[in-house]
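Here are my notes on the model, as numbered points you can check against the viewer. I go from the whole chain down to single residues.

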Amino acid sequence: VESTSMDLTDAPYFVDLVRQQLASHYDPNDLTTQNLSIYTSLDLHLQTVAQRALEKGLDDVQELVKKRTKKTVQGSLIAIEPLSGKVVALVGGRSYGRSQYNRVMQARRQPGSTFKPFVYLAAFEATFEDPSLPPITPATVVEDAPAVFFYEDKEYIPQNYEDTYFGFVTLRRALAKSLNVATVKVAEMVGYERIARLWTEKLGSGAPIEPYPAVALGAFEVTPWEMATAYNVLASGGYKIEPVTVLRVTDDGGRVLEQHYAPVPERVIRQESSFLITSMLQSVMNEGTAASSRARGFTVEAAGKTGTTNDYRDAWFTGYTPDLLCIVWVGFDDNTPVGLSGTRAALPFWVDFMKAALSGKEEVPFTVPAETVVFVDSDAETGLLATPLCSRTRSEVFIAGTEPRVGCQAHTVE
């Protein structure tokens, strides 16, 4: 595999992946003897930035866990251009010399709370698919309080982080604060089958999942690559775009043997639904579990989600701007708990990578589907139309026709 500017040591995990992908199209002898030139999607600057961010981030995590364990913390990072699907950076672990195991492609781990946006996505899609359902919006209110869920006569009792419950919350707040019980309530409202179908059929990312309550909190396994493919549907505004690594292959005479044409993207999710999720994930960054990203000096408008799995085994951070999607996973290879949340372990080096990657670039806003979504001032707690008595209001986004028609009654003059 040769390229004018790439040394194999720059991106060994990526080169391995490209080799595997080429081996499925070409005779192995041709690959070694034909002096082929392989042009890839990798951005060497971003790859260097990714490797540095990962090394520094994992060193910091290692420092935090050293009192508890001598094991080596591992991690991975993948970054994609949403609309082209080009994989611009990929780091499969801390040191290729010590372990060639590519965690981006091979580590099957629970996504935990990084799956939650897809529960809310299923809810917004359901509003289109089933007119008999009451419309579900970012301002819909659910009760976040201890609850028992039943499925096929089995009990399921999810708990919130640190056993803290927020009472009645809007869906925006439930996702921003990553509330487990509120999320399972939304899943129950739209139906577990609908969520499993969205993941398995519409997004088609990874192995099929079963429809039971714990799935709403990411209790199944995916690879970071599969997670990136699914999140890219949100980042691209509802399109399924497969990640791509090889752009073209030429022989020593310069003849093009293979050319990757940007595929005609297939719309799998309505633009309005994906925009609502992106808007809610902006709240995660600004006032939710990822608000520390702002304290770390990341000022760009972005959408993101922290992920922490049961017993703190895995820490994730997934986030995107219109131009760049990046997914970070941190954990131990043997699945023992890291003991840190996604906010503590994964978010810091996602921020380091994104700050460097976007440095000096013009900030691009997310595209608003202007004809079909409306912004309405609503009360931040009740989700109803704001009145002059409401002290905390926000300009909430709704799919046109689902916006609240009733004024908030919760605040009265004393």
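1. Start with the overall make-up. The protein chain has 13 helices and 16 strands. Keep in mind that this is a predicted model, so everything below is computed from predicted coordinates.

2. On overall dimensions, the radius of gyration is 22 Å, which agrees with the value near 22 Å that a compact globule of 414 residues would have. Along the principal axes, the C-alpha atoms fill a box of roughly 80 × 55 × 50 Å.

3. Now burial and surface. Of the 414 residues, 54% count as buried. The chain exposes about 18200 Å², and carbon and sulfur atoms supply 50% of that area. As for charge, there are 38 positive and 51 negative charges, and their mean positions lie 5 Å apart.

4. How much of the contact map joins residues at least 24 apart? Taking contacts between residues at least 6 apart in sequence, the share is 69%.

5. The largest nonpolar core is worth a look. It holds 117 residues, and the members that touch the most others are Phe118, Trp199, Val330, Trp350 and Phe353. As background, nonpolar side chains tend to be buried together in soluble globular proteins.

6. Val330 deserves its own point. This residue sits in strand β14, residues 325-331, and counts as buried because its relative accessibility is 0%, against a cut-off of under 20%. Setting aside neighbours within four places in sequence, Val330 is in contact with Leu58, Val61, Val73, Gln74, Gly75, Arg313, Asp314, Ala315, Val338, Ala345, Ala346 and Phe349. There is also a pair to check by C-alpha distance: Val330 and Arg103 are 227 residues apart along the chain, with 9.8 Å between their C-alpha atoms.

7. Next, helix α7, residues 180-190. Why call this helix largely enclosed by the rest of the structure? Because 9 of its 11 residues are buried. The buried set is Asn180, Val181, Ala182, Thr183, Val184, Lys185, Val186, Ala187 and Val190, so if you colour by accessibility, Lys185 should show up as buried along with the valines listed here.

8. Both sides of α7 have something for a backbone check. Just after the helix, Gly191 takes a positive phi of about 100°. In the loop between α6 (171-176) and α7 there is Ser178, which has a positive phi of about 55° although it is not a glycine. Ser178 counts as buried, at 11% relative accessibility. For context, most residues other than glycine have a negative phi.

9. A second non-glycine residue with positive phi is Tyr312, where the angle is near 60°. Tyr312 lies in the loop between β12 (303-308) and β13 (314-320). Is this tyrosine buried or partly exposed? Its relative accessible area is 29%, so Tyr312 is partly exposed.

10. Thr278 is a polar residue to inspect in helix α10, residues 271-287. At 3% relative accessibility, Thr278 counts as buried. Beyond neighbours within four places in sequence, Thr278 is in contact with Leu234, Ala303, Tyr320 and Phe366.

11. Towards the start of the chain, Pro12 lies in helix α1, residues 12-23. With 15% relative accessibility, Pro12 counts as buried. What does Pro12 touch, leaving out residues up to four places away in sequence? The partners are Gln51 and Tyr96. Pro12 and Glu143, by contrast, are 131 residues apart in sequence and 48 Å apart in space, C-alpha to C-alpha.

12. Last, Gln34, which is found in the loop between α2 (28-33) and β1 (37-40). Gln34 is partly exposed, with a relative accessible area of 35%. Apart from neighbours within four places in sequence, Gln34 is in contact with Asn29 and Asp252. Between the C-alpha atoms of Gln34 and Pro243, which are 209 residues apart along the chain, the separation is 27 Å.

Conventions:
Residues are numbered from 1 along each chain as its sequence is written. This is a predicted model: local features need pLDDT of at least 70, side-chain atom pairs count only at pLDDT 80 or more; totals for chains, interfaces and linings use all residues. Side-chain values use heavy atoms; hydrogens and water are left out. Helices (H or I, at least four residues) and strands (E, at least two) are DSSP runs, numbered from the N terminus. The radius of gyration is taken over C-alpha atoms; the globule rule is 2.2 Å times the number of residues to the power 0.38. Buried means under 20% relative accessible area, exposed over 50%, partly exposed in between (1.4 Å probe, protein chains only). Contact means heavy atoms within 4.5 Å. Accessible areas come from the Shrake-Rupley method with a 1.4 Å probe; for residues, only the protein chains shown count as cover. Lys and Arg count as positive and Asp and Glu as negative; His and the chain ends are not counted. The place of a charge is taken as NZ of Lys, CZ of Arg, CG of Asp or CD of Glu. A nonpolar core is a set of buried Ala, Val, Leu, Ile, Met, Phe, Trp, Tyr and Cys residues joined through side-chain atoms within 4.5 Å.
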